[in-house]
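Here are my comments on the model you sent, set out as numbered points. They go from the chain as a whole to individual residues.

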Amino acid sequence: MPGMTAYAGFFEVGSPKKGENVFVSAASGAVGQLVGQFAKLHGCYVVGSAGSKEKVDLLKNKFGYDEAINYKEEQDLDAALKRSVYGSLAVAKF
């Protein structure tokens, strides 16, 4: 079921194009980790959020996310998201 939810949510509802930015909340969960991998395979720049350093490391090192944010350690989530995208891309699409 998580695979179908991730697939439908990413390809049918979100339907981003290659090169676009994708943010995944709860990125280390069953659906989120699949959405991130679909997005990477689709050629998107992927940023995820998780609630611990271990989960952030998992997203970046195992699931291939371009960047990950520990939302529990961030004072300003908007600034953290902008920093994650703008700090890593030459051209950001927001």
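1. Among contacts in the chain between residues at least 6 apart in sequence, 48% join residues that are at least 24 apart. This is a predicted model, and the comments that follow should be read with that in mind. The C-alpha atoms occupy a box of roughly 35 × 30 × 20 Å along the principal axes. The radius of gyration is 12 Å, which agrees with the value near 12 Å that a compact globule of 94 residues would have. Buried residues account for 33% of the 94 residues.

2. The chain contains four helices and three strands, and along the sequence these elements follow the pattern α-β-α-β-α-β-α.

3. Helix α1, which covers residues 2-14, has a kink of about 25° centred on alanine 8. After α1 comes serine 15, and the phi angle of serine 15 is positive, near 40°.

4. The aromatic residues deserve a separate comment, since a search of the whole structure finds four aromatic pairs. In one of them, tyrosine 7 with phenylalanine 11, the ring centres are 4.7 Å apart and the planes stand at 40°, so the pair is tilted; a stacked pair would need planes under 30 degrees apart, and an edge-to-face pair over 60. Both tyrosine 7 and phenylalanine 11 belong to helix α1, where they are four residues apart, about one turn of the helix. An α-helix has 3.6 residues a turn, so residues three or four places apart point the same way. Tyrosine 7 is partly exposed at a relative accessible area of 39%, and phenylalanine 11 is also partly exposed, at 27%.

5. Tyrosine 7 also forms an aromatic pair with phenylalanine 38, and this pair is edge-to-face, with 6.0 Å from centre to centre and 90° between the planes. The pair links distant parts of the chain, with tyrosine 7 in helix α1 and phenylalanine 38 in helix α2, 31 residues apart. Phenylalanine 38 has a relative accessibility of 22% and counts as partly exposed, because buried means under 20%. Taken together, ring pairs join Tyr7, Phe10, Phe11 and Phe38 into a cluster.

6. Which residues touch the most other members of the largest nonpolar core? They are Val24, Leu59 and Tyr65, in a core of 15 residues. Two or more residues of this core come from each of α1, β1 (21-24), α2 (30-41), β2 (45-50) and α3 (53-61). A second, separate core has six residues, including Tyr45, Val47, Ala80 and Val85. In soluble globular proteins, nonpolar side chains tend to be buried together.

7. Tyrosine 65 merits a closer look: leaving out residues up to four places away in sequence, tyrosine 65 touches Val24, Ala27, Gly32, Gln33, Gly36, Val46, Val47, Gly48, Leu59 and Lys60.

8. Aspartate 66 lies in the loop between α3 and β3 (67-70) and is partly exposed, with a relative accessible area of 28%. The side chain of aspartate 66 reaches the backbone nitrogen of valine 46 at 2.8 Å. Apart from neighbours within four places in sequence, aspartate 66 is in contact with Lys40, Cys44, Tyr45 and Val46. For one of these residues, tyrosine 45, the C-alpha atom is 6.3 Å from that of aspartate 66, although the two are 21 residues apart along the chain.

9. Is serine 84, in helix α4 (residues 77-86), buried or exposed? Serine 84 has a relative accessibility of 7% and therefore counts as buried. When residues up to four places away in sequence are set aside, serine 84 touches Tyr45, Val47, Glu67 and Ile69; Tyr45 and Val47 are also among the members of the second core.

10. The last point concerns glycine 51, found in the loop between β2 and α3. Leaving aside neighbours within four places in sequence, glycine 51 is in contact with Asn70, Tyr71 and Lys72. From glycine 51 to glutamate 73 the C-alpha separation is 8.2 Å, with their positions 22 residues apart in sequence.

How values were computed: Residues are numbered from 1 along each chain as its sequence is written. This is a predicted model: local features need pLDDT of at least 70, side-chain atom pairs count only at pLDDT 80 or more; totals for chains, interfaces and linings use all residues. Side-chain values use heavy atoms; hydrogens and water are left out. The bend at a residue is the angle between axes fitted to the seven residues ending there and the seven starting there. A nonpolar core is a set of buried Ala, Val, Leu, Ile, Met, Phe, Trp, Tyr and Cys residues joined through side-chain atoms within 4.5 Å. Buried means under 20% relative accessible area, exposed over 50%, partly exposed in between (1.4 Å probe, protein chains only). Contact means heavy atoms within 4.5 Å. Rings of Phe, Tyr and Trp (its six-membered ring) pair if their centres lie within 6.5 Å; planes under 30 degrees apart count as stacked, over 60 as edge-to-face and the rest as tilted. A polar contact is a pair of N or O atoms within 3.5 Å; within protein, one must be able to donate a hydrogen and the other to accept it, and residues adjacent in sequence count only if both atoms are side-chain atoms. The radius of gyration is taken over C-alpha atoms; the globule rule is 2.2 Å times the number of residues to the power 0.38.
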